[in-house]
Amino acid sequence: MKTTQFPRFQKQLTAGAGAICSHHAGRTACSGRASRLEGPIRCQRQEYPLAKAQGRIHRISAYVLTAVVILATVTAHAQQYDPPIAPLVTNKLQPPGPEGIATLDGQRDGLYQAFRTGPNPGGYELHSIWLYVRNAHESRHMTIDAGLYRGLPPDADRIATLTRSTLNDFSHNQWRAPANTFLEPNANYVFVLDCTAGCENGHVAEIGTTRSSREDPGAEHGWSIEDRLGFRSSRAAGWSSDNGGGLRMRVKGRLSPFRAYKAQIISRPSLGDTYRYGENIDFALTFNTAVHVRGSDSTIAIQVGDGNAGTRSRTAHYLFGSGTCLLVYRYQVSMNDNDTDGVSLGLEEANPVFGANVPVVVTRPGWLPVRQYYPSVFDNPKHKVDGSFHVSNVEIISRPEEDDIYWPDEDIVVALTFSMVAYARPGSVIALRVGDATDGTSYRAAGYLSGSGTKRLLYRYRVHLNDFDASGIAVYGSGHNSGFGGPLPVAGADFGSVESPRHFPNVGDAVGHKVGRSVSLPTGVDSSTMSEDGQESL
């Protein structure tokens with residue numbers, strides 16, 4: 001048994017999408033600035049013996065059995081061989097200490113035990129963690145959360161939640177890990193038991209301990225259990241430790257099959273947290289060995305949208321990375337894609353699988369497909385999607401020549417910013433309100449001025465005689481007599497010439513954009529104006 005340190009898992013940033021990744025001497029290097037990878041990437045080319053072929057290869061003459069036939073036959077019949085589940089490390093046979101137990105109860109509501117994985121380049125697959133429970137007095141009333149972490153919570157990354165129903169007295173109790181729980185090589189993990197409810201009123205779970213610093217014989221190479229027990233008092237905020245021993249435990253699993261063990265979104269929206277139409281969303285899958293993409297394509301299933309299951313499904317296609325441990329898949333936002341809580345990966349499938357061509361591993365006899373699985377990515381609010389064609393902002397950009405009042409023949413110019421490039425058609429207008437009447441007599445039409453072929457269209461209204469608005473003009477994009485009139489702006493032909501919605505955001509009474517009234521005077525007087533307060537001036 002070894003004593004190891006558990007610093008917080010430090011995340012590092014590495015360029016990804018829009019970059020080129022290369023694999024050399026067992027390491028992956030990426031260059032570029034467009035995307036972000038979180039966490040270290042460990043990738044080594046591995047030489048594994050090929051699994052036994054499924055089915056019988058009939059004997060044929062030696063002079064006919066060419067290398068090409070061998071490769072084709074093995075590839076066609078190859079099936080991944082998963083080693084049997086076995087103990088990776090255990091100290092169950094070590095003698096107990098003087099007390100021999102650590103308790104979960106009203107005084108101590110948390111326990112943890114740390115362990116370290118071995119050096120297998122492909123990592124490990126966790127099956128279960130076993131603890132010896134001496135007495136579980138009324139523990140059926142306790143809610144015990146069992147979590148596996150990289151470091152100590154709450155600052156550490158939670159890797160998995162392990163499950164079991166109730167505790168059994170004086171026996172070895174198993175906590176099962178979810179399928180495909182991956183453990184990286186040469187990594188520190190912490191198994192935490194957290195009593196979240198029912199810890200009072202004499203409810204007790206007694207977990208067996210040992211003072212020995214040794215592991216039992218037969219452990220997987222390089223594995224160890226830390227000779228330090230961690231605990232948390234129900235009255236304390238943090239964790240403490242007892243360096244005199246640890247929990248009696250057994251960690252079961254196997255060498256990991258060829259597989260993707262980490263999934264990330266590595267692209268970033270060009271503006272804010274939302275991808276617009278035509279932007280690319282890049283997903284990175286990190287494998288525990290170098291993999292290759294054969295044929296023309298490989299795909300993964302992603303989810304874009306807030307609707308029912310099935311309607312959100314989209315397909316991301318392989319982009320680059322063949323020959324390394326990192327494959328990047330890309331999805332381009334389509335018209336009317338919308339996701340307000342963020343895109344996700346593989347959540348609508350119990351076991352997400354690859355489409356088209358499954359990535360393969362090079363083995364001595366031929367190609368071997370990786371496991372038909374990749375991790376999920378939950379809805380990420382930093383990666384929302386809005387692929388709609390619409391007006392996103394409305395602004396009055398003109399300024400009156402005199403203070404805050406427009407007079408006859410002055411132009412009021414309104415800018416409409418679209419979510420993508422827009423094209424105005426002849427006769428396109430928008431509705432302004434000049435005046436305070438609500439019966440429709442205050443509405444004016446501002447005609448298209450310029451900007452077609454950009455994301456910003458300008459509309460102009462020229463103030464007429466007798467126009468008057470003491471509170472400031474308004475742009476009404478929604479409601480009766482509002483929004484666009486005439487032909488609607490459209491997206492480009494490449495986008496199907498989709499029409500913009502008729503309505504858009506309002507601009508309320510703009511106090512810096514009032515309109516003064518002009519009136520006719522008797523013969524001999526050239527002109528007169530009346531300001532918003534009703535005072536006449538010549």
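Two strands count as paired here if DSSP finds at least two bridges between them. With that settled, I can start on the first sheet. Please keep in mind throughout that this is a predicted model.

The first sheet is open and has 6 strands, in the order 10-9-12-7-14-15, with antiparallel pairing. Where does the sheet end on each side? The edge strands are strand 10, residues 157-162, and strand 15, residues 240-242. Each of these two pairs on one side only. From one strand to the next, the twist averages 30 degrees.

Now to one pair inside that order. Strand 7 covers residues 108-116 and strand 12 covers residues 188-197. The two run antiparallel and are joined by 7 bridges. To find the pairing on your screen, go to Phe 115, whose bridge partner in strand 12 is Tyr 189.

Phe 115 comes up again in the packing. The largest nonpolar core has 36 residues. Which residues have the most contacts inside it? They are Phe 115, Ile 129, Leu 162 and Val 251. As for which strand gives the most to this core, that is strand 8, residues 124-135, with 5 residues. As background, nonpolar side chains in soluble globular proteins tend to be buried together.

Next, a point about the backbone. The loop between strand 11, residues 171-183, and strand 12 holds Asn 186. Phi of Asn 186 is near 50 degrees, which is a positive value in a residue other than glycine. Is Asn 186 buried or exposed? Neither term fits: its relative accessible area is 40%, so Asn 186 is classed as partly exposed.

Further along the chain, Asp 403 also has a phi near 50 degrees, again positive in a residue other than glycine. Asp 403 is in the loop between strand 30, residues 391-396, and strand 31, residues 405-406. The cut-off for exposed is over 50%. Asp 403 has 68% relative accessibility, and therefore counts as exposed.

On to another sheet. This one is open, with 3 strands in the order 19-29-24, and its pairing is mixed. At the edges stand strand 19, residues 274-276, and strand 24, residues 338-339. Each has a single partner strand, so one side of each is left without a neighbour in the sheet. Strand 24 runs antiparallel to strand 29, residues 384-386, and 2 bridges join them. Within that pair, Asn 338 is opposite Asp 386 of strand 29.

My last stop is strand 33, residues 429-433. How many of its 5 residues are buried? The count is 4, so strand 33 is largely enclosed by the rest of the structure.

Its pairings can be taken one at a time. With strand 34, residues 443-450, strand 33 pairs in the antiparallel sense over 5 bridges. There, Arg 433 stands opposite Tyr 443. With strand 37, residues 484-485, strand 33 is joined by 2 bridges, and the two run antiparallel. In that case Val 429 has Gly 485 as its bridge partner. With strand 36, residues 474-475, the pairing is antiparallel over 2 bridges. Here Leu 432 is opposite Val 475.

To recap the places to look: the sheet of 6 strands with antiparallel pairing, the nonpolar core of 36 residues, the sheet of 3 strands with mixed pairing, and strand 33, largely enclosed by the rest of the structure.

Terms used
Residues numbered from 1 in each chain as written. Predicted model: local features only at pLDDT ≥ 70, side-chain atom pairs only at ≥ 80, totals over all residues. Heavy atoms only, no water. Axes fitted to C-alpha atoms, helices over the stretch in contact; angles between N-to-C directions. Buried < 20%, exposed > 50% of the residue type's maximum accessible area, 1.4 Å probe, protein only. Core = buried A, V, L, I, M, F, W, Y, C linked by side-chain atoms within 4.5 Å.
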